[in-house]
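Welcome! Please take a moment to look over the sequence and the fold before reading on.

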Amino acid sequence: MMRGIAFFCVMVAITIQRTSSFVVSPGLTPSINILRKTGKSTKVETLLKMSDEFSQFAQQLPARERIQELVDDHPVLLFMKGSKIFPQCGFSNTATQILQSYNIDFHTVDVLADEAIRSGIKDFSQWPTIPQLYVCGEFVGGSDIMIEMYQNGELGVMIEKAKADMM
């Protein structure tokens, strides 16, 4: 399985270098599309398809199980809109800035890329908004809670514990 994923990533990297513009379909879609300009029109071409094995594997697990695996596997995990490099909402941006201030490696999950995760995380945590932070497997809260905990020092204590667990 990992060999197939690595091959897929290498092919994507090669493709990105060879094309001037590309669009990766969001979520666990079975293909990567590129835009090619031909004269005045733009044509979308399917460049590479994920193997059926990978698509089936990714969709086999219910959202709740996938979320639990993510929480278990990452000491500091942020479910957010967008990525830590390109947050897609102000609250997610605030959350990533707070975590980056601790100079810690944290994992993010873009809920916009997977509707099952987006709705599933709200049920999983019993918290209605995104972003949502988990530290050492424990649900912390959204950006408002993060701001409050950052200001009173509680979040720093939790992050230091997570740093120790990572070593």
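This report walks through a sheet, the helices around it and a salt bridge.

## The sheet

The model you are looking at is predicted. A good place to begin is its open sheet of four strands, which runs in the order β5-β4-β6-β7 and has mixed pairing. Strands β5 and β7 are the edges; each has a single partner strand, so one side of each is left without a neighbour in the sheet. On average, and ignoring direction, neighbouring strands here are turned by 25 degrees against each other.

As background, strands of a sheet pair through backbone hydrogen bonds, in either a parallel or an antiparallel way.

## Around strand β6

Let us now follow β6, which covers residues 132-135. With strand β4 (residues 76-80), β6 pairs in the antiparallel sense over four bridges. With strand β7 (residues 138-141), the pairing of β6 is also antiparallel, over three bridges.

Leu133 is a handy landmark in β6: Leu78 has Leu133 as its bridge partner, and Leu133 also stands opposite Gly141 in β7. The hairpin of β6 and β7 has two residues between the strands, and in this hairpin Cys136 takes a positive phi near 55 degrees.

## Helices on the sheet

Two helices to look for here are α4 and α7. Helix α4 packs on the sheet, where it touches β4 and β6, and its direction makes about 165 degrees with that of β4. Helix α7 (residues 154-166) packs on the sheet as well, touching β4, β6 and β7, with its direction at about 50 degrees to that of β6.

## Helix against helix

How do α4 and α6 cross, and at roughly what angle? The axes of helix α4 (residues 90-101) and helix α6 (residues 143-152) come within 9 Å and cross at roughly 30 degrees. That angle makes α4 roughly parallel to α6, and the crossing is left-handed.

On the α4 side, the contact is made by Phe91, Thr94, Ala95, Ile98, Leu99 and Ser101, while α6 contributes Ser143, Met146, Ile147 and Tyr150. Sorted by class, this contact of α4 with α6 holds seven nonpolar residues, three polar ones and no charged ones.

## A salt bridge across the chain

The count of salt bridges in the model comes to three. One salt bridge joins Asp114 and Arg66, whose closest N and O atoms are 2.1 Å apart. This pair links distant parts of the chain, 48 residues apart: Asp114 sits in the loop between β5 (107-110) and α5 (115-125), whereas Arg66 belongs to helix α3 (residues 63-73).

Key: Residues numbered from 1 in each chain as written. Predicted model: local features only at pLDDT ≥ 70, side-chain atom pairs only at ≥ 80, totals over all residues. Heavy atoms only, no water. Pairing = 2+ DSSP bridges. Axes fitted to C-alpha atoms, helices over the stretch in contact; angles between N-to-C directions. Parallel < 35°, antiparallel > 145°, perpendicular 65-115°, else oblique. Left-handed = near helix turned anticlockwise from the far one by under 90°. Contact = heavy atoms within 4.5 Å. Nonpolar A, V, L, I, M, F, W, Y, C, P; charged D, E, K, R; others polar. Salt bridge = Lys/Arg side-chain N within 4 Å of Asp/Glu carboxyl O.
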